[in-house]
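Subject: Structure handover

Hello,

I am passing on the structure below, together with notes on what turned up in it. Please look at the structure first and read the notes beside it.

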Amino acid sequence: WRCGIMRAMPHIVFTPQLRRFTSTPEVDSKATTLRAALDDAFAHNPRLRGYVLDDQQHLRANVVIFIDGQRCADRIKLADTLQPHSTVHVLQALSGG
């Protein structure tokens, strides 16, 4: 449930850190894999791809993705399976000292 409305498709959320650089839309996707869901989000903002994926289209070292609270298992193919009610959180790791 989100905002009192039951949804039947995965929901992708980007953390605020990425908003400093580009628009980070929340996206509902009919995708069944993480890669396809990310592609749907990138369709809304193509610049976002470069902040999440590297030149080989793998997850960047400073990005972590959680699917329903579990860290994604496949950082290369991004083939993790999504359920109709999955929530995907895309986080950019923070560094500091």
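To begin inside the fold: the cover over the buried residues of helix 2 includes strand 1 (11-14), strand 2 (27-28), helix 3 (48-52), strand 3 (63-67) and strand 5 (87-92). Please keep in mind that this is a predicted model.

Which residues of helix 2 are buried? In helix 2 (residues 34-44) they are Leu 34, Ala 37, Leu 38, Ala 41 and Phe 42. These residues lie on the same side of helix 2, because they cover an arc of only 140 degrees around the axis. As background, an α-helix has 3.6 residues a turn, so residues three or four places apart point the same way.

Overall layout

The protein chain contains three helices and five strands. Read from the N terminus, its elements follow the order β-α-β-α-α-β-β-β. The protein chain has 97 residues, and 40% of them count as buried. If one takes the contacts between residues at least 6 apart in sequence, 49% of these join residues at least 24 apart. The exposed surface of the protein chain comes to about 5,800 Å², and 55% of that surface is supplied by carbon and sulfur atoms.

The sheet

The five strands form an open sheet with mixed pairing, in the order 2-1-5-3-4. Its edge strands are strand 2 and strand 4 (70-71), each of which pairs on one side only. In general, strands of a sheet pair through backbone hydrogen bonds, either parallel or antiparallel.

Going along the sheet, strand 1 and strand 2 run antiparallel and are joined by two bridges. His 11 has Asp 28 of strand 2 as its bridge partner. Strand 1 also pairs with strand 5, here in the parallel sense and over four bridges. In that pairing, Val 88 of strand 5 is opposite Ile 12. Strand 5 in turn runs antiparallel to strand 3, with five bridges between them. One residue pair to look up there is Val 64 with its bridge partner Leu 91 in strand 5.

Which way do the residues of strand 1 point, and are they buried or exposed? His 11 and Val 13 point one way, Ile 12 and Phe 14 point the other way, and all are buried.

After strand 1

Thr 15 sits in the loop between strand 1 and helix 1 (16-19). Thr 15 counts as buried because its relative accessibility is 12%, and the cut-off for buried is under 20%. The side chain of Thr 15 makes a polar contact of 2.6 Å with the side chain of Gln 17. Setting aside neighbours within four places in sequence, Thr 15 is in contact with Val 90, Leu 91 and Gln 92.

The salt bridge

How many salt bridges does a search of the whole structure find? The search finds one. The residues are Asp 39 and Arg 49, whose side chains meet at 3.4 Å, N to O. Asp 39 belongs to helix 2 and Arg 49 to helix 3, ten residues apart, so the pair links distant parts of the chain. As a general point, side chains of opposite charge can pair when their charged atoms come close.

Are these two residues fully covered or not? Asp 39 counts as partly exposed because its relative accessibility is 30%. Arg 49 is likewise partly exposed, with a relative accessible area of 28%.

Two loop residues with positive phi

Gln 57 is not a glycine, yet has a positive phi of about 70 degrees. Gln 57 is found in the loop between helix 3 and strand 3. Its relative accessibility is 29%, so Gln 57 counts as partly exposed.

Leu 78 is not a glycine either, and its phi is positive at about 55 degrees. The loop that holds Leu 78 runs between strand 4 and strand 5. Is Leu 78 buried or exposed? Leu 78 counts as buried, because its relative accessibility is 0%.

Regards

How values were computed. Residues are numbered from 1 along each chain as its sequence is written. This is a predicted model: local features need pLDDT of at least 70, side-chain atom pairs count only at pLDDT 80 or more; totals for chains, interfaces and linings use all residues. Side-chain values use heavy atoms; hydrogens and water are left out. Buried means under 20% relative accessible area, exposed over 50%, partly exposed in between (1.4 Å probe, protein chains only). The arc is that of the directions from the helix axis to the C-beta atoms. Contact means heavy atoms within 4.5 Å. Two strands pair if DSSP finds at least two bridges between them. A salt bridge is a side-chain nitrogen of Lys or Arg within 4 Å of a carboxyl oxygen of Asp or Glu. Accessible areas come from the Shrake-Rupley method with a 1.4 Å probe; for residues, only the protein chains shown count as cover. A polar contact is a pair of N or O atoms within 3.5 Å; within protein, one must be able to donate a hydrogen and the other to accept it, and residues adjacent in sequence count only if both atoms are side-chain atoms.
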